[in-house]
Amino acid sequence: MAETRAAEWVRPAIRALSAYRVADASGLVKLDAMENPWPWPAELREGWQEALAAEPVNRYPDPAAGEVADRLRRVFGVPEAADLLLGNGSDEILQILIHAVAERGRTVVAPEPGFAMYRLLAEAAGMEFVGVPLGEDFRLDREALIAAIAEHEPALVFLAWPNNPTGNLFEPEAVEAALTAAPGLVVVDEAYHAFARESFLPRVVDHPDLIVLRTLSKAGLAGLRLGFAAGHPEWLAELDKIRLPYNINRLTQATARFALDHWDAFEVQAAAIRDERERLYAALVERPGLAVWPSAANFLLFRAPEGQGRALFEGIRERGVLIKDLSGAGGALADCLRVTVGTPKENAAFLEALDGSLRGMS
Ligand SMILES: *Cc1c(COP(=O)(O)O)cnc(C)c1O
């Protein structure tokens with residue numbers, strides 16, 4: 001094909017980015033993306049399919065997804081004074097948040113290692129991203145965060161709670177300190193709430209410049225793409241202006257209504273995943289040569305013997321299990337790998353692949 005004018009016209013900030021790559025999991029046990037490993041309970045399938053079949057897909061969906069929003073409020077106990085904004089995944093809401101405040105010379109601050117999208121979206125919007133290194137055992141370094149806030153006066157501070165990829169919950173007092181110090185908006189991203197069960201959601205009432213983000217992805221509906229933000233109506237009214245109309249499609253709305261009416265089933269699955277997480281943690285602690293960190297999410301971060309992170313990841317993949325290799329990032333994540341908690345059978349397959357690879361390396 002002939003050459004295009006893309007190099008000339010695409011903004012330099014975009015040209016400098018690399019696309020978010022998703023590894024190919026075909027034929028592998030998939031423990032790389034924090035999905036819930038369990039399908040829907042069989043007794044729910046028929047009702048769900050009927051609900052979908054009744055949707056007139058020739059018509060646009062409810063632009064505000066009002067019936068979904070009502071159920072989200074009820075199931076997750078959103079404070080009445082807060083407003084909601086729904087997104088095509090919480091990733092879309094991150095993009096909306098950044099788009100709303102982006103201006104040259106403005107900054108986004110977040111701890112590092114952290115969720116990759118914060119940096120990617122901030123830089124794509126032409127903002128400066130400042131990562132604040134986490135302290136020992138990935139604890140939030142309160143002084144460093146407050147100092148970064150004072151120096152950069154960020155428009156936005158992102159705190160993933162629990163943090164991805166480290167799995168820990170930062171001390172609530174440190175998050176509160178950030179809320180007090182920040183001159184702009186603070187977003188507490190609770191993507192893993194189903195497994196942590198602690199929340200800043202009730203505190204949006206006392207903190208007008210706090211927004212709490214949630215998603216249904218990690219709890220069991222990753223394929224649906226539905227997340228929401230809760231916060232002060234003044235912030236949310238601004239964000240709503242740049243939300244694309246009909247961003248939550250009809251099939252997602254119908255499925256979400258049905259799923260939220262049967263949310264008990266997802267809570268049972270989350271409890272099973274939390275139990276499995278503890279078993280998997282104990283199993284990793286037992287493996288000599290590995291370091292593993294406790295987690296309040298549905299994944300575990302662990303460190304391979306020095307210099308062997310990449311080789312261990314590849315050994316596990318060759319034995320049929322896909323996890324996430326974070327060792328390339330170096331620094332605090334040197335030799336670190338992340339495994340999503342799967343079913344008991346998947347976790348057993350992972351441990352077997354892990355042991356096989358560890359033996360192969362020694
Ligand atoms: C997975 C994840 C998200 C994105 O979730 P989606 O709703 O699927 O877009 C957001 N924040 C964190 C910290 C995550 O780990």
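1. A polar contact here is a pair of N or O atoms within 3.5 Å. With that in mind, look first at aspartate 189 in this predicted model: one of its polar side-chain atoms lies 2.6 Å from a nitrogen atom of the ligand. Two ligand oxygen contacts are worth a look as well. Asparagine 164 places a polar side-chain atom 2.9 Å from a ligand oxygen, while aspartate 91 uses a polar backbone atom, 3.0 Å from an oxygen of the ligand.

2. How much of the ligand does the protein bury? Of the 380 Å² that the ligand exposes when taken alone, 94% is buried by the protein. Helix 5 (90-101) and helix 10 (217-221) are the elements giving two or more residues to the shell.

3. The ligand is surrounded by 14 residues, and the closest are Asp189, Thr215, Ser217, Lys218 and Arg225. Sorted by class, the shell holds five nonpolar, five polar and four charged residues.

4. Away from the ligand, do enjoy the rings: the whole structure has 13 aromatic pairs. In one of them, tryptophan 161 meets phenylalanine 200 edge-to-face, with 4.8 Å between centres and 80 degrees between planes. Tryptophan 161 sits in the loop between strand 5 (156-160) and helix 8 (172-181), and phenylalanine 200 in the loop between helix 9 (193-196) and strand 7 (210-215), so their pairing ties together parts 39 residues apart in sequence.

5. Both partners deserve a closer look. Tryptophan 161 counts as buried because its relative accessibility is 1%, and phenylalanine 200 is buried at 0%. Arginine 203 lies over the face of phenylalanine 200, 4.2 Å from the ring centre.

6. Finally, ring pairs join Trp40, Trp48, Phe76, Phe228, Phe258, Trp263 and Phe266 into a cluster.

Methods:
Residues are numbered from 1 along each chain as its sequence is written. This is a predicted model: local features need pLDDT of at least 70, side-chain atom pairs count only at pLDDT 80 or more; totals for chains, interfaces and linings use all residues. Side-chain values use heavy atoms; hydrogens and water are left out. A residue is near a molecule or strand if one of its heavy atoms lies within 4 Å of it. A polar contact is a pair of N or O atoms within 3.5 Å; within protein, one must be able to donate a hydrogen and the other to accept it, and residues adjacent in sequence count only if both atoms are side-chain atoms. Accessible areas come from the Shrake-Rupley method with a 1.4 Å probe; for residues, only the protein chains shown count as cover. Helices (H or I, at least four residues) and strands (E, at least two) are DSSP runs, numbered from the N terminus. Ala, Val, Leu, Ile, Met, Phe, Trp, Tyr, Cys and Pro count as nonpolar, Asp, Glu, Lys and Arg as charged, and the others, Gly among them, as polar. Rings of Phe, Tyr and Trp (its six-membered ring) pair if their centres lie within 6.5 Å; planes under 30 degrees apart count as stacked, over 60 as edge-to-face and the rest as tilted. Buried means under 20% relative accessible area, exposed over 50%, partly exposed in between (1.4 Å probe, protein chains only). A charge sits over a ring if NZ of Lys or CZ of Arg is within 6 Å of the ring centre and within 35 degrees of the ring normal.
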